[in-house]
Amino acid sequence: MAPMRGRMMDVPLTLVPLVERGVGLYGRQVVVTQRAEGPPRRATFAEVGARAHRLARALHDLGVGPGDRVGTMAWNTQEHLEAYLAVPCMGAVLHTVNVRLHPDQLAHVIADGGDRVLLCQRACLPALAAIADRLPTVERVVTFGEGEDAPGGAGHLDYEALLAASDRPLAWPDLDERQAAGLCHTSATTGDPKGVVYSHRSLYLHTLSLLATGFLPGGFSDADVVLPVVPMFHVNGWGLPHASVAVGAALVLPDRFLDPARLVGLLAGERVTLTAGVPSIWGPLLQRLDAEPTPLPGLRGILCGGAAAPPTLIEGFDRHGLTVIHAWGMTETSPLGTTVRVKHLLEPALDPAARLRVRASQGLPAIGFEVRVMDLATGELCPSDGRHQGELQVRAPWVCDGYLGREDREAFTADGWLRTGDVATLDPEGYLRLVDRTKDLVKSGGEWISSVALETLLMGHPQVDEAAVVGQPDPRWGERPVAFVVARPGAEGGLTPAALLEHLRPHVARYWLPDRILFVDAIPKTGVGKFDKRALRRRLAEGAAADTEPGAPQGSR
Ligand code: AMP
């Protein structure tokens with residue numbers, strides 16, 4: 001017999017009702033944006049909502065239609081939030097472009113997205129100017145924010161002028177829940193960054209899960225003041241803009257001013273209750289609080305993810321009465337996957353050390369998010385004993401099932417799970433712990449560095465025979481790249497780390513430059529002839545390579 005059908009409305013799960021709810025019910029709630037100088041700018045949800053409809057009209061009049069990509073090059077500002085609301089709700093696709101990328105990658109990402117219009121914060125214009133002649137799909141650039149339009153400002157449209165002229169705000173059309181709403185690129189191990197395409201449905205469900213997981217003591221409500229330090233060009237600003245608008249929480253946007261002094265000022269001045277960012281933001285902020293204690297009485301959660309939160313960081317904030325909440329996610333997972341909650345039933349049994357161990361884990365899956373750990377050698381699931389390591393695989397309605405314009409399926413299992421490239425254990429209570437990474441990438445300050453790309457460039461130097469790049473743990477950045485280099489016979493004396501850094505410099509962003517370049521006689525290989533990166537990392541950990549270091553200058557960001 002056929003299964004009986006439910007008799008429920010099939011209302012599309014789109015961002016429109018979430019946005020309309022927030023703007024309609026919480027019109028007096030505020031969006032605060034940090035300025036270069038002086039007090040922050042303030043606008044109400046009602047104003048931001050009205051401006052989003054005007055922006056949609058302006059984009060429509062520029063020819064943006066359903067499915068067209070609108071790129072943003074911007075930090076966390078009110079205008080970026082307006083684009084977050086307007087672009088998907090008008091049926092177009094918001095493509096948040098990572099402005100920290102090297103110009104070659106930036107040009108690739110914008111062309112790969114096929115962006116027709118770019119909304120560019122004036123502070124990001126130098127990055128845009130560097131690729132001005134490499135934007136084949138871009139028809140219009142609209143600029144906003146403090147600063148001048150030069151360099152390369154000719155022909156740019158002014159955001160405020162467009163909004164002022166759009167006197168018939170665009171109403172949101174009916175949308176299909178499965179249509180694309182957002183696009184964000186993530187680093188590939190080799191080659192150019194690849195695009196993850198979010199649907200309305202995935203963002204809707206991701207938002208609900210973020211609000212529903214109980215990952216914060218006391219929940220997430222209109223009583224909250226949310227400061228996303230995580231840039232809005234990183235994977236939907238971790239979903240905080242959508243969730244804050246939907247639930248009516250105030251949003252405090254730091255723009256590009258992420259130094260600890262300004263962040264502490266904003267956290268204190270706006271009485272922020274919840275903030276979010278990568279560990280390399282929180283380390284310096286903790287140092288600042290240690291040096292200059294500042295009461296942050298309203299702050300009840302510091303969401304920390306994108307890289308492992310060290311236990312010392314968690315303990316350090318504890319000393320100030322502040323709670324770090326560790327989270328794991330990926331661009332491919334929208335990004336919310338897991339957050340740490342200490343299970344109520346576990347609390348009585350945990351001594352302080354055991355409790356810290358739980359809090360430093362990657363946590364428990366969100367509602368609707370499935371995780372499993374696979375032993376790739378046997379093809380069997382690893383037992384949840386906290387010891388067996390395997391590949392972390394995940395599945396949820398907000399996990400991608402492919403990449404923009406790519407047919408390859410390496411990242412997916414035959415039965416439809418995403419292979420994360422992370423190596424993990426699960427303990428009997430279900431806590432996830434990341435122990436390694438199979439993807440050949442280094443994560444520094446929340447941004448990816450491709451080891452393979454660095455190796456290819458290094459091996460392109462005429463005096464280099466072989467080069468392998470691995471990440472070395474770093475207290476400030478999480479990891480920093482270290483290169484092992486075998487010089488060509490006859491070149492040994494002449495080849496210096498400084499020369500190799502100069503060789504790399506034109507091709508990569510500054511933060512990609514290896515901190516150390518170590519000359520070795522040979523690079524260890526695995527049984528199948530690949531660089532044995534585990535052995536290299538072990539060597540770094542043991543400090544054995546230190547004596548071969550030729551005194552490479554420290555790379556800087
Ligand atoms: P991205 O797509 O740039 O957000 O990077 C996702 C990757 O960052 C994950 O697959 C992990 O390798 C790493 N990552 C994210 N969160 C954590 C965490 N809490 N602990 C350790 N690694 C993390």
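Colleague: What makes the approach of Ala308 to a nitrogen atom of the ligand a polar contact?

Modeller: A polar backbone atom of Ala308 is 3.2 Å from that nitrogen atom. A polar contact is a pair of N or O atoms within 3.5 Å (within protein, one must be able to donate a hydrogen and the other to accept it, and residues adjacent in sequence count only if both atoms are side-chain atoms), so the pair in Ala308 qualifies. This is a predicted model, in which local features need pLDDT of at least 70 and side-chain atom pairs count only at pLDDT 80 or more, while totals for chains, interfaces and linings use all residues. Residues are numbered from 1 along each chain as its sequence is written, and side-chain values use heavy atoms, with hydrogens and water left out.

Colleague: Which side-chain atoms lie at 2.9 Å and 2.7 Å from atoms of the ligand?

Modeller: A polar side-chain atom of His326 is 2.9 Å from a nitrogen atom of the ligand, and one of Thr331 is 2.7 Å from an oxygen atom of the ligand. The protein covers 92% of the 500 Å² of accessible area that the ligand has on its own (Shrake-Rupley method, 1.4 Å probe; for residues, only the protein chains shown count as cover).

Colleague: How many residues surround the ligand, and which strand gives the most to the shell?

Modeller: The ligand is surrounded by 17 residues, the closest including Asp422, Lys439 and Trp448; a residue is near if one of its heavy atoms lies within 4 Å. β14 gives the most, with four residues. β14 (324-329) and β21 (432-437) each supply at least two; strands (E, at least two residues) and helices (H or I, at least four) are DSSP runs, numbered from the N terminus.

Colleague: Where does the cis peptide bond occur?

Modeller: The bond joins Ser334 and Pro335, with omega about 15 degrees. Pro335 lies in the loop between β14 and β15 (336-339).

Colleague: How do you know which residues to read with caution?

Modeller: The mean pLDDT (the predictor's confidence in each residue, from 0 to 100) is 93, and 95% of residues reach 70 or more. Over residues 545-557, however, the pLDDT is below 50. Where pLDDT is low, the predicted coordinates should not be read in detail.

Note on methods. Contact means heavy atoms within 4.5 Å.
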